[in-house]
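This report covers two helix contacts, one pocket and one cavity. Look at the structure first, then read on.

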Amino acid sequence: MKSDIEIAQEAVMLPIQEVAAQLDLKEDDLELYGKYKAKLSDECLRRFADQPDGKLILVTAINPTPAGEGKTTTSVGLGEAFGKLGKKAVLALREPSLGPCFGIKGGAAGGGYAQVVPMEDLNLHFTGDFHAITSANNLLAALLDNHIQQGNALGIDPRQVVWKRCLDMNDRVLRHIVVGLGAKADGMVREDHFVITVASEIMAILCLAEDMTDLKRRLGKIIVAYTFDGKPVTADDLQATGAMAALLKDAMKPNLIQTLEHTPALVHGGPFANIAHGCNSVRATKAALKMADYVITEAGFGADLGAEKFFDIKCRKAGLRPDAVVLVATVRALKYNGGVAKAELAQENLEALKRGIVNLEKHIENLQKYGVPVVVTLNSFVTDTEAETSYVEEFCRERGCDFALSEVWEKGGEGGVALAQKILDTLESKESSFKPLYDDEMSLEEKINTIAKEIYGADGVDFAPAARRELDRITSMGMGNFPVCMAKTQYSLSDDAKKLGRPKNFRINVREVYVSAGAEFVVAVTGNIMTMPGLPKVPAANGIDVTDDGVITGLF
């Protein structure tokens, strides 16, 4: 079979105006970025505001493995499958980050015959949203250091600067740096840090803001530092809010593109789920719900991260009520969790499958705690055997889950019809009684413990002294009612990436806590998770090129 980029480059795309017409969008509703990309205007979003909501379907997955799970591929194929069934559907997805594109993971446009296109544009600069977020983040950092340099009227303690610069690239040497070296005019010497753009609080704010008024309110509340007497200093205090909002004016507007089969896709925002809250923008999701009968969205990495944050942060803050959840797994990934080496996953191994399926079991249990009907789908591989598939199907049915095979990578929408029909049956027969995992009134420590015990299966949580002090400070500032965003490895239910399957008898180690006051959540950093990833020994960038006639190669 052809590579993803070959399939994407051979696709015949419709002009974006024709794709938009499927959602009853008019030409004046669109702000065009070439032939195949557009942003939805603010006037368009207001025009649809009073329409009834469609059904919201979340796609999530088991913990990722080197064998691959295909969550985005499943999401895209499912959207195409609804089209095959004559249903009015739209995708609401995240934008890819440049970091993994040039690192180890590759792009995030789906795969095979279930992709969103134009694939190269989406995975590279797209409509410039990430660049705008990076610029707004670093403008705030520049204004902060300039204020200190120009007399420091606010009394900022340079040792308590908490705002970090950002870059949409994996670059480990920027994790801990020193700025201000040189002459006196070059600024005050202090330690500084970078995070990847998808971990910036401004990314989270853009994805949670309802409109420009809400965006500016949230931007203004960002805590950048503390004074010598311990008081918080905000972006409003630095008079930075208006300029940041100006940089984000167009980035606030959802982007419209299409799948290989011309299903509309609103692709907007892109926080990682292992170090941020892992969901596309509230604006895009809410717009999609007004424009279609069925909205397929996804949350990053495994359900212990992305789905938990989708439910406990995004749905809580935006008032969303999901109607169904699709949990993606593969036979190969389950056997990997059962101890099989990657090179041997093509061989039938029911014993390993039985050992590894406990990872799927835990994710099913977790999702059922939220009161939303669950459909498990196996992303099919040609090496899967009937015995293996049948075992997984029976396992799911015994746990009250509907089940369907997905063959969208190979067959596009046609390969997802069985899954789409199963979801329609589930929506018809089962009512969602969605509720978050914990109440706002619980203490921050209780919330962290609840997630660790209920979702990860931990025995408890150990807090570093600095983390416990920060929890006390955040609570004293009146932000103890915020939800919690756990920064944790995606590869394990625990905070140790090597513990596969369903670990037991472990504790979660919280080494750092900080508040994202504008995003209105508290981040708890566990284990050795990094908010600025590094590149692998052989980066994907080494294989990316462009031909003399401008065709990009090697992107995947």
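In this predicted model, Ala132, Ile133, Ser135, Ala136, Leu139 and Leu140 of α7 touch Ala243, Met244, Leu247 and Leu248 of α10. By class, that contact holds nine nonpolar residues, one polar residue and no charged residues. The axes of α7 and α10 lie 8 Å apart, at an angle of about 165 degrees. Angles over 145 degrees count as roughly antiparallel. The two helices, α7 and α10, are therefore roughly antiparallel to each other. The crossing of α7 with α10 is right-handed.

Now the second helix pair. Here Leu444, Glu445 and Ile448 from α19 meet Arg468, Leu471, Ile474 and Thr475 from α20. This contact of α19 with α20 has four nonpolar, one polar and two charged residues. Which way do α19 and α20 lie to each other? Their angle is about 125 degrees, and α19 and α20 are therefore oblique to each other.

The table sets out the packing of both pairs.

| Helix pair | Angle | Axis separation |
|---|---|---|
| α7 (129-149) and α10 (241-248) | about 165 degrees | 8 Å |
| α19 (444-456) and α20 (465-476) | about 125 degrees | 10 Å |

Next, the pocket. The second largest pocket encloses about 1,100 Å³ of space. It is lined by 44 residues, and those closest to its centre are Val162, Lys164, His193, Glu512 and Tyr514. Several elements give two or more residues to this lining, among them the helices α8 (201-208) and α20 and the strands β7 (156-161), β12 (223-227) and β23 (521-526). Which element gives the most? That is β22, with six residues. By class, the lining of the second largest pocket has 26 nonpolar, seven polar and 11 charged residues. Helix α20 thus appears twice in this report: it contributes to the pocket lining, and it packs against α19.

Last, the cavity. How many cavities of 30 Å³ or more does a search of the whole structure find? The search finds one. The largest cavity has a volume of about 60 Å³. Its lining includes Glu95, Pro96, Leu122, Phe126, Asp129, His131 and Asp168. Helix α7 provides the largest share of that lining, three residues. Five residues of the cavity lining are nonpolar, three are polar and three are charged. Helix α7 therefore has two roles in this picture: α7 lines the largest cavity, and α7 is roughly antiparallel to α10.

Definitions and conventions:
Residues are numbered from 1 along each chain as its sequence is written. This is a predicted model: local features need pLDDT of at least 70, side-chain atom pairs count only at pLDDT 80 or more; totals for chains, interfaces and linings use all residues. Side-chain values use heavy atoms; hydrogens and water are left out. On a 1 Å grid over the protein atoms alone, a cavity is a set of points where a 1.4 Å probe fits but cannot get out, and a pocket is an open set with protein on both sides within 12 Å along at least five of seven lines; lining residues have an atom within 4 Å of a point. Grid points are joined across faces, edges and corners, and a volume is the space filled by probe spheres set on the points. Helices (H or I, at least four residues) and strands (E, at least two) are DSSP runs, numbered from the N terminus. Ala, Val, Leu, Ile, Met, Phe, Trp, Tyr, Cys and Pro count as nonpolar, Asp, Glu, Lys and Arg as charged, and the others, Gly among them, as polar. Axes are lines fitted to C-alpha atoms, for helices over the stretch in contact, and angles run from 0 to 180 degrees between N-to-C directions. Angles under 35 degrees count as roughly parallel, over 145 as roughly antiparallel, 65 to 115 as roughly perpendicular and the rest as oblique. A crossing is left-handed if the near helix is turned anticlockwise from the far one by less than a right angle, and right-handed if clockwise. Contact means heavy atoms within 4.5 Å.
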